[in-house]
Amino acid sequence: MSIEFTDRYLALGIPYPDVETMCEGPCEGTGWVPIKDGEQDVRYKAAWDATHAAVHDEPCDGWHFVKCLDCSGSGKRGS
């Protein structure tokens, strides 16, 4: 048996971020943050609520990806 490891960048097919310009927020340069129901950060709780309301008819496991509030989804610092 062999085990293959990957990371979020390869798994999503996105290029590795430039460490000089990538967002220093929770998205780690992807522009998106996984948030679970019950998030304590009120900013991300509001983003989770809005996303959940938009997809309320679909099955939900309690997780949603929301745009990073530090970079507005760009993955770049100072956006």
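Let's start with a residue tucked inside: His-64 has a relative accessible area of 10%, so it counts as buried. His-64 belongs to strand β2, in a protein with two helices and two strands. Keep in mind that the model you're looking at is predicted. From the N terminus on, the elements come in the order α-β-α-β.

**The whole protein**

- Taken along the principal axes, the C-alpha atoms fill a box of roughly 45 × 35 × 20 Å.
- Of the 79 residues in the protein, 24% are buried.
- Take the contacts between residues at least 6 apart in sequence: 55% of these join residues at least 24 apart.

**His-64 and strand β2**

- Who does His-64 touch, if you skip residues up to four places away in sequence? The list is Val-33, Pro-34, Ile-35, Trp-48, Thr-51, His-52 and Val-55.
- One of those partners, His-52, also makes a polar contact with His-64, side chain to side chain, at 2.9 Å.
- Side chains alternate along β2: His-64 and Val-66 point to one face and are buried.
- Trp-63, Phe-65 and Lys-67 point to the other face of β2 and are not buried.
- Val-66 has its own set of contacts, again not counting residues up to four places away in sequence: Gly-31, Trp-32, Val-33, Ile-35, Tyr-44, Ala-47, Trp-48 and Thr-51.

**Strand β1 and its pairing**

- β1 (32-36) also has two faces: Val-33 and Ile-35 make up the covered one.
- On the uncovered face of β1 you'll find Trp-32, Pro-34 and Lys-36.
- How many bridges join β1 to β2, and which way do the strands run? There are five bridges, and the two strands run antiparallel.
- For a landmark, look for Trp-32, which stands opposite Lys-67 in β2.

**Helix α2**

- Here's a quick check you can follow: α2 covers residues 42-54, which is 13 residues, and at 1.5 Å a residue it should span 18 Å. Its end C-alpha atoms are 18 Å apart, so the model agrees with that expectation.
- Which residues of α2 are buried? They are Tyr-44, Ala-47 and Trp-48.
- Looking down the axis of α2, these buried residues fall within an arc of 100 degrees, so they line one face of the helix.
- The cover over the buried residues of α2 includes β1 (32-36) and β2 (63-67).
- At the start of α2, Asp-41 reaches out with a side-chain oxygen, to within 2.8 Å of the backbone nitrogen of Arg-43.

**The nonpolar core**

- The largest nonpolar core has 10 residues, and four of the names to look for are cysteines: Cys-23, Cys-27, Cys-68 and Cys-71.
- The rest of this core is Val-33, Ile-35, Tyr-44, Ala-47, Trp-48 and Val-66.
- β1 and α2 are the elements that give two or more residues to this core.
- α2 gives the most, with three residues.

**Loops and the tail**

- Thr-30 sits in the loop between α1 (8-12) and β1. Is Thr-30 buried or exposed? With 16% relative accessibility, Thr-30 counts as buried, because the cut-off for that is under 20%.
- The side chain of Thr-30 reaches the backbone oxygen of Cys-27 at 2.9 Å.
- Leaving aside neighbours within four places in sequence, Thr-30 is in contact with Arg-8, Tyr-9, Ile-14 and Gly-75.
- Asp-57 lies in the loop between α2 and β2. At 68% relative accessibility, Asp-57 counts as exposed, because exposed means over 50%.
- Asp-57 and Ile-14 are 43 residues apart in sequence, and their C-alpha atoms are 29 Å apart in space.
- Gly-78 is in the segment after β2, and Gly-78 is exposed, with a relative accessible area of 78%.
- Gly-78 and Glu-20 are 58 residues apart along the chain, and 12 Å separates their C-alpha atoms.

Note on methods. Residues are numbered from 1 along each chain as its sequence is written. This is a predicted model: local features need pLDDT of at least 70, side-chain atom pairs count only at pLDDT 80 or more; totals for chains, interfaces and linings use all residues. Side-chain values use heavy atoms; hydrogens and water are left out. Helices (H or I, at least four residues) and strands (E, at least two) are DSSP runs, numbered from the N terminus. The expected span of a helix is 1.5 Å times one less than its number of residues. Buried means under 20% relative accessible area, exposed over 50%, partly exposed in between (1.4 Å probe, protein chains only). The arc is that of the directions from the helix axis to the C-beta atoms. Contact means heavy atoms within 4.5 Å. A polar contact is a pair of N or O atoms within 3.5 Å; within protein, one must be able to donate a hydrogen and the other to accept it, and residues adjacent in sequence count only if both atoms are side-chain atoms. Two strands pair if DSSP finds at least two bridges between them. A nonpolar core is a set of buried Ala, Val, Leu, Ile, Met, Phe, Trp, Tyr and Cys residues joined through side-chain atoms within 4.5 Å.
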